[in-house]
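Biologist: Please take a close look at the aromatic pairs in this structure and at the nonpolar core around them. I should like one connected account.

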Amino acid sequence: MKKLTTSVLAVVLTSSFALVNAQKVDTARTQDIEGVVVTALGIKREKKSLTYSSQELKGDDLTNGTTNTGNIASQLSGKVAGLQVNTNNNFGGSSNLVIRGYKSLKGGNPLIVIDGSPVSNGGVGNNGAGFVPLFDIGNFLSDINQEDVESINVLKGAAASALYGERGLNGVIIITTKTGKGKSDKEWGVTLNTSANFGFIDKSTFVTYQKEYGGGYAPQFTFGDEYTNYNDDASMGPRYDGHPVFFWDSFDPNSVNFGKKMPYRAAATTPVDFFENSTNYANSISLQKASDKSNFLLNYTNQMQTGILPNSELRKNTLSTKFNFDFTEKLSASVYSTLTLQDTKGRNETGYSDNLASLFRQWWNVDSDINALRDAYFNSKQNISWNRNSPEDATPAYWNNPYFQRYENYNSDDRRRSFSTASVDYKFTKNISATAKLSYDDIAMTLEQRIAQGSIPQNFGNSNQAVTSGYSKYTIHNSETNFDLFANYKFDITDNLDISGLVGGNVRRNKNENDYVSTEGGLTVPGLYAIGNSAKPILATNENLSKISTSSLFGTASLGYMDTFFVDGTYRVDKSSTLPKDTNTYDYGSIAGSVVLSSLINQDWLSFWKIRGNYAVVGNSATAYQLKNTYTNLGGYNGTVLFDTNNTRALSDLKPERSKEVELGMEFQFFKKRLGLDVTVYQSKTENQIINLPISVSSGYSATVFNAGRIDNKGIEVSLNATPLKSQDFSWDISANWAKNENEVVDLNGIDNYLISTYQGGVQLVAAVGAPFGALYGTDYEYIDGQRVITSPNAAGLGGGLWKKSGKKVIGNVTPDWTGGVRNSFTYKGVSLSFLIDVQQGGDVFSTDILYGGTGGLYDYTTAKEFRDPAGVVLPGVYANGQPNVTPIGGYKLVGGNLVQVRNVNNYYSYQPEGYNNAPNSQFIYDASYVKLREASISYSLPKSVLAGMFVNDVSLSLVGRNLWIIHKNTPFVDPEAGVGGGLRSRGNSIGILPTTRDIGFNITVKF
């Protein structure tokens, strides 16, 4: 027996085939321990036969116990080891998914697959002509109806995702949709679900304003002491003393304070009062029926949301259906189709100068009463702003009235998303079958942006010129078509040895179109938002079209011996239209094995024990049109049409990115599944990164596409399940996960740093050789023996006394040290209680909000002397020669043995030690760790005895909550998890962030 086993394993390990299906009947010990999961290409496998790491969540695990967020990506937070989920607070915004750390310098989300067919989970970025949306339109995974989800299986490593070839680099998330299940062969099953959720801002994630000093850039009144400094967007003004002054609304004829002086004190209402309570109502109905040969499911969901900002509304309707039918014993078919229609108004801006959250966090004047601004807008419908230029000039100096901006300068978008997949299966014999599958994913969007007459001037439109009114329209149409054809085989070679797998191919076609057009020079007729209402001739529409074609062949094989030993392999060849002819065909493969040791060890306490290991290669291709230079229409000049090249030069000999990974793992189940543990370690190396390297502008370009760079990742993932207490009526279940990923940028083709993004305030997000991916690059304090270095006065005795800043270097990193989550669930008869704790340890964030807002005197801590009157403060530290600092701040000169101040005492910005002029960037780097009560719920199901004899089969009621408590954080005034958008924009940059909401609501489910 040992000789036969060794021979079989040796043959398989040298073969080029790979596993896909091992469907032997479970042994008595392992039966009901593992179950069946859906893997790559929609193939069902016994979980015990898997030779790689994956983690499955049932649909109820995803949705029960939390509010309906409208985006199933956000509902994965804290539930899967090795999956980082970053949600932001943008209305209808994105949730960023990263599996096992960043492997590419471009970032990258995992591939999303529904019933074996890939779908888009992208967003909207640069349209290729310089236009970038100023708001977060969300990732397209939010179009999937959570009521459709039967299960989600996260394929984490390269061996698990190798069958997807060039698309498997960042892992794969497999979504399996529900099938119809009726009460009997002749009756329909009906499920009604309704939920209502309400959000209240968590004040620990927003500014706490100081109330001791008024508005202004300095402690003096610009227009005399009868007027406040309403033209300044800062709060460094004179101390409040209650003397009568004219505020901004004293000049508004519609205000109750018109012509009146009011006591000089802080406003009664602040931007905290600007935010509204969010609402989220969802109603769904499900119809289903099943018979011996067919099943049918129809779902409809209506969702209506309002955000915390005024005039924000999202309406979404989703209709989906699934139909399975066995025509004969050999021929069967399956169809799934879903349609989502979504209209959104009033998404929040995520830029800088147009972002109201930036105004409130960085440049607010605490003299300004937010309720008075509300009344000023609704009384006039005009842009009556708090920061008028002067008593005689009412035009805004820097910022619109926030209510005018929300109700007049609102954006809107509508989205139509349809996804359909159909498959036909034919069984030629009991050992051989064939599957043909066709899927089509289609997204159409229109985004409209408005600038109302009377707004402050801002750069806008195709020409990017400053205007005080305008209108633009951005249309997007993306589609993906996949056709798969493969043969499945399964043979029993002996009574104990079987082989199974498939051989087939895929053809994929992607088409992406977008058009951007805008008015120029403003609007001729105020309030008429149409391109034909342009005050000046419009520029040519920016039109972009890209088509991508990929063809693939793949094969898999799996050997199973005695339902205990399993060996897998996969092989795939891709041919991509985005790469040169000489290198556009490339292959990937994997080899893997596992042993179910519990089949060999007979111990009552050991329910299941498996070890596994694998090696695999996956990759990533180039985007469209990186091989040849393309041109952009710049419009006309004196009758001549002008074109220009892009700033990035194409490269004609690109190669695909490749990632190689080794993975080892072990799974345990003890005491009849009362305790379980899954541990995985891995190491990967990703090379041939496709990036844009900077080059000399004398070439006519600022960058060139290039294959360069290597990123290594290694890590460990742990999942645990336990049932400490269990009786007939009561159970206590625990599920926990923990993951640590370490990565390093090993090579960048001779350069030390690769710029990913530049943040306001001078900090950069870079890939730095020798550092983890996502380094924050900026200035730091200089130190001597652990003490900060202070600048010395010059030869004339002037200056000095402030921090000495270093040159730019790594001052932080966005990558967390580890992540984890713990869910506790308690059930007693029909009552259940559950809560989820979500944890991130480490990672850093740069706060532009505190950089500017602290300098401008907004925050409660800025009443200290070093902010309000820094002159004379002696900072702790040493000079460059190591001697203790004795130089006071404020520009002093030694005259006749006495220090005489020579710097303007009213210009505090120039010598605030913690201000943006003098403090290094590292002063505003914060630890992004957090511990959150992510989800909590109490549910009650009516006893069956109560429902006996009624037409109702089941009734359940739930009280649910999400983000109820940030138990621990180190970032002041903000949620450390929140970012400004999706992808890499969601990491390491705290700028203009909306406050987090505590969400609470109820769900009612009735089944007939």
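Modeller: In this predicted model, the count comes to 47 aromatic pairs. One of these joins Phe274 and Phe360: the ring centres lie 5.3 Å apart and the planes meet at 65 degrees, over the 60 that marks the class, so the pair is edge-to-face. Phe274 belongs to the loop between β12 (262-263) and β13 (278-290), whereas Phe360 is part of helix α4; the pair therefore ties together parts that are 86 residues apart in sequence. Phe274 counts as buried because its relative accessibility is 1%, under the 20% limit. Phe360 likewise has a relative accessible area of 1% and is buried.

A further aromatic pair, Tyr861 with Phe867, is also edge-to-face, with 5.6 Å from centre to centre and 70 degrees between the planes. Here the burial of the two partners can be stated separately. Tyr861 has 31% relative accessibility and so counts as partly exposed, while Phe867, at 5%, counts as buried.

To return to the first pair, Phe274 and Phe360 both belong to one aromatic cluster, whose other members include Phe206, Tyr209, Phe275, Trp364, Tyr377 and Tyr407. The surroundings of Phe360 can be listed in detail. Leaving aside residues up to four places away in sequence, Phe360 touches Phe206, Val207, Tyr209, Pro271, Phe274, Phe275, Ile370, Pro402 and Leu858.

The setting widens to the largest nonpolar core, which has 53 residues; Tyr209, Phe275, Phe360, Trp364 and Leu776 are those with the most contacts inside it. At least two residues of this core come from each of α4 (356-362), α5 (370-380), α6 (402-408), β46 (844-847), α7 (848-855) and β49 (925-927). Helix α5 gives the largest share, five residues. A second core, separate from this one, holds 24 residues, among them Leu41, Val113, Ile174 and Phe554. In soluble globular proteins, nonpolar side chains tend to be buried together.

Aromatic rings also meet charged groups in this model. The charged end of Lys345 sits over the ring of Tyr410, at 5.9 Å from the ring centre. Arg788 is placed over the face of Trp803, and the distance to the ring centre is 5.2 Å.

In summary, Phe360 links these descriptions: this residue pairs edge-to-face with Phe274, is a member of the aromatic cluster, and is one of the residues with the most contacts inside the largest nonpolar core.

How values were computed:
Residues are numbered from 1 along each chain as its sequence is written. This is a predicted model: local features need pLDDT of at least 70, side-chain atom pairs count only at pLDDT 80 or more; totals for chains, interfaces and linings use all residues. Side-chain values use heavy atoms; hydrogens and water are left out. A nonpolar core is a set of buried Ala, Val, Leu, Ile, Met, Phe, Trp, Tyr and Cys residues joined through side-chain atoms within 4.5 Å. Buried means under 20% relative accessible area, exposed over 50%, partly exposed in between (1.4 Å probe, protein chains only). Helices (H or I, at least four residues) and strands (E, at least two) are DSSP runs, numbered from the N terminus. Contact means heavy atoms within 4.5 Å. Rings of Phe, Tyr and Trp (its six-membered ring) pair if their centres lie within 6.5 Å; planes under 30 degrees apart count as stacked, over 60 as edge-to-face and the rest as tilted. A charge sits over a ring if NZ of Lys or CZ of Arg is within 6 Å of the ring centre and within 35 degrees of the ring normal.
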